[in-house]
Structures are given as structure tokens and as C-alpha cells.
Amino acid sequence: MKADLHVHTEYSPCSKTKIKDVLIAAVKAGLDTIAVTDHNTIKGALLTKKLSKDVKVIIGCEKKCEYGELLIYGLKKEIKSKKFTGIIKEARKQGAKIFISHPIDYARFPNMWKKLNDEVFKLVDGVELYNGRNLFNKRVKRIAENKKLAGVAGSDAHYSEELGNTYVIYKKDLWKEVISNKASYYHNNNVLNKLKYLLKSFLLKWF
Ligand SMILES: [Zn+2]
Ligand SMILES: [Zn+2]
């Protein structure tokens, strides 16, 4: 089964994708599961879940903190804190899973993740191993292997046609397989494609 764990909707300031188009694109891409991870809100995820008939929707968000961004999965309400430790505390209280978004991605400078050490790794469930827009996934993989971190994968779609270009492949229990490093991954290797969407977003000042 296929899970794209990083999807934006029009509830992100940098995306105009309508929720119905996200769902159409998910079905078209053959995805069983998507995590809607809008910037700093679960509103888009809640609505997507309500409207979805065929695709399992994980309520998530991509939350900004002082070090960079975190992908949080399995939320019931909004996270209020803007600080790393505060976000972790709130997310854990809700039983959510926490992963560092694109931990190494020089194209996002100065928004790249600023603190990659054991102190941080022990508080999260893992890292975003494959991001559909990241040109530096190989470096992330090296760290994840080195530190034995669990990994998620997602397209980081801001446009519906990006959905499903990167995803987690699992058999039965997504989180169990991800956390125990038993899941596998499909990822977007097309550099030109990545550059196209990075540029598109940058030109629109949405990036
Ligand atoms: Zn964005
Ligand atoms: Zn994102």
C-alpha cells in the first residue's frame, strides 16, 4: 500500500490546491493513504478527511519551530506552541508522531533545519527520508542510516500533479512498519521535475 505523507492544500498560504483536487490526484496516483500537512494548521487535513471516500487521510501539519519544520501526524487539535520542545510536548500529549521535515535541503536556506544532533533525534520519531522536492535526499539517508532513524516520505505537493511522486510503501500497519524500519519507499528522482516545482513556487513568492 502507498502513503504520501506530505501534502499541502489551499489551507497553506503557499498552495492553491483545492481539497477535491487533492483527493482526485491521490486516487489517480494509486495512493491508499495521504497525510495532509498544511503549514501550521490542521484545518485542511480535517476537511480532507471529511470529504474523502476512497483515501485514508491522516490529520497532520507541518509546524514551524526555531530550528526548522516538523511533520506531525495523528493530531486531534491545533498545536499552539511555536518552540521545538513545546511542540513536542503538545504533539505527544495527543499521541501524535513527529518527524523532522527535509532535515538537509540547501535549497531552503535560510530555512534549513538548524539543529541535527542526538538531543533532537531522541525527541522525534525520525526524519523525512524522502521529500519529493528535496535535491539532497541522499544526504538525509546517510544521516538516517548512521543514526538508525526511522523515516517517512512524501511529495511535499503544493500542486496536485505532484501528489504520489514520493511515498512510503507498507504492507499492513503503516506506523509500525515505519518506526521499525520495515517500510520501503518510492521517491521522485527527477531533478528537472523538482527544479520546476521549486522554481514555480519561488517565482510566485509562495516558497
Ligand atoms: Zn509551503
Ligand atoms: Zn511542506
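Biologist: Which residues of α2 are buried?

Modeller: Gly44, Ala45 and Thr48 are the buried residues of α2. The model is a predicted one.

Biologist: What puts them on one side or on opposite sides of α2?

Modeller: The arc they cover around the axis is only 95 degrees, so they sit on the same side of α2.

Biologist: What do the buried residues of α2 pack against?

Modeller: They pack against α1, β2 and β3. Helix α2, residues 43-51, lies across β2 (33-39) and β3 (56-64).

Biologist: How does α2 run relative to β3?

Modeller: The angle to β3 is about 175 degrees. The scale runs from 0 to 180 degrees between N-to-C directions, so the helix and the strand point in nearly opposite directions.

Biologist: Let us turn to the sheet. What is the order of its strands?

Modeller: The order is β7-β6-β5-β4-β3-β2-β1-β8-β9. The sheet is open, has 9 strands and shows mixed pairing.

Biologist: What makes β7 and β9 edge strands?

Modeller: β7 (150-154) and β9 (184-186) each have a single partner strand, so one side of each has no neighbour in the sheet. From one strand to the next, the twist averages 30 degrees.

Biologist: Why is β6 called largely enclosed?

Modeller: In β6, 6 of the 6 residues are buried, so the rest of the structure largely encloses this strand.

Biologist: How do you know that β6 pairs with β5?

Modeller: Pairing needs at least two bridges. Strand β5 (residues 97-100) and strand β6 (residues 126-131) are joined by 2 bridges, so they pair, and they run parallel. Phenylalanine 99 has glycine 126 in β6 as its bridge partner. Isoleucine 100 has valine 127.

Biologist: How many bridges join β6 and β7?

Modeller: There are 5 bridges, in the parallel sense. Tyrosine 130 stands opposite alanine 153 in β7.

Biologist: Which helix lies across β6 and β7?

Modeller: That is helix α5, residues 137-147. It runs at about 150 degrees to β6. Together, β6, α5 and β7 make a right-handed β-α-β unit.

Biologist: Now strand β1. Why is it called largely enclosed?

Modeller: Strand β1 covers residues 2-7, and 5 of the 6 are buried, so the rest of the structure largely encloses it.

Biologist: In which sense does β1 pair with β8?

Modeller: The sense is antiparallel, over 2 bridges, with β8 at residues 167-169. Lysine 2 has isoleucine 169 of β8 as its bridge partner.

Biologist: How do β1 and β2 pair?

Modeller: They pair in the parallel sense over 3 bridges. Aspartate 4 has isoleucine 34 of β2 as its bridge partner. The chain goes from β1 through α1 to β2, and this β-α-β crossover is right-handed.

Biologist: What does isoleucine 34 contact beyond its neighbours within four places in sequence?

Modeller: Isoleucine 34 is in contact with Asp4, Val7, Ala26, Val55 and Val57.

Biologist: Which residues touch the most other members of the largest nonpolar core?

Modeller: They are Ala26, Ile34, Ile72, Val152 and Val168, in a core of 53 residues. Helix α1, residues 19-28, gives the largest share of this core, 5 residues. In soluble globular proteins, nonpolar side chains tend to be buried together.

Biologist: How do you know whether alanine 91 is buried or exposed?

Modeller: The cut-off for buried is 20 or more other C-beta atoms within 10 Å. Alanine 91 has 23, so it is buried. Its place is in helix α3, residues 84-93.

Biologist: What does alanine 91 touch, not counting residues up to four places away in sequence?

Modeller: Alanine 91 touches Ile72, Ile79, Ala96 and Ile98. Its C-alpha atom and that of lysine 77 are separated by 9.4 Å, with the two 14 residues apart along the chain.

Biologist: What makes asparagine 40 stand out?

Modeller: Asparagine 40 has a positive phi of about 60 degrees, although it is not a glycine. Most residues other than glycine have a negative phi. Asparagine 40 lies in the loop between β2 and α2.

Biologist: Why does asparagine 40 count as partly exposed?

Modeller: It has 16 C-beta neighbours inside 10 Å. Buried starts at 20 and exposed means 12 or fewer, so 16 falls in between.

Biologist: Where is asparagine 181 found?

Modeller: Asparagine 181 is in the loop between α6 (174-179) and β9. Its phi is near 60 degrees, a positive value in a residue other than glycine. With 14 C-beta neighbours inside 10 Å, asparagine 181 counts as partly exposed.

Methods: Residues numbered from 1 in each chain as written. Chains lettered and ligands numbered in written order. Predicted model: local features only at pLDDT ≥ 70, side-chain atom pairs only at ≥ 80, totals over all residues. Core = buried A, V, L, I, M, F, W, Y, C linked by C-beta atoms within 7 Å. Helix = DSSP H or I, 4+ residues; strand = E, 2+ residues; numbered from the N terminus. Contact = placed C-beta atoms within 7 Å. Right-handed = clockwise from strand over helix to strand, strands pointing away. Arc of directions from axis to C-beta.
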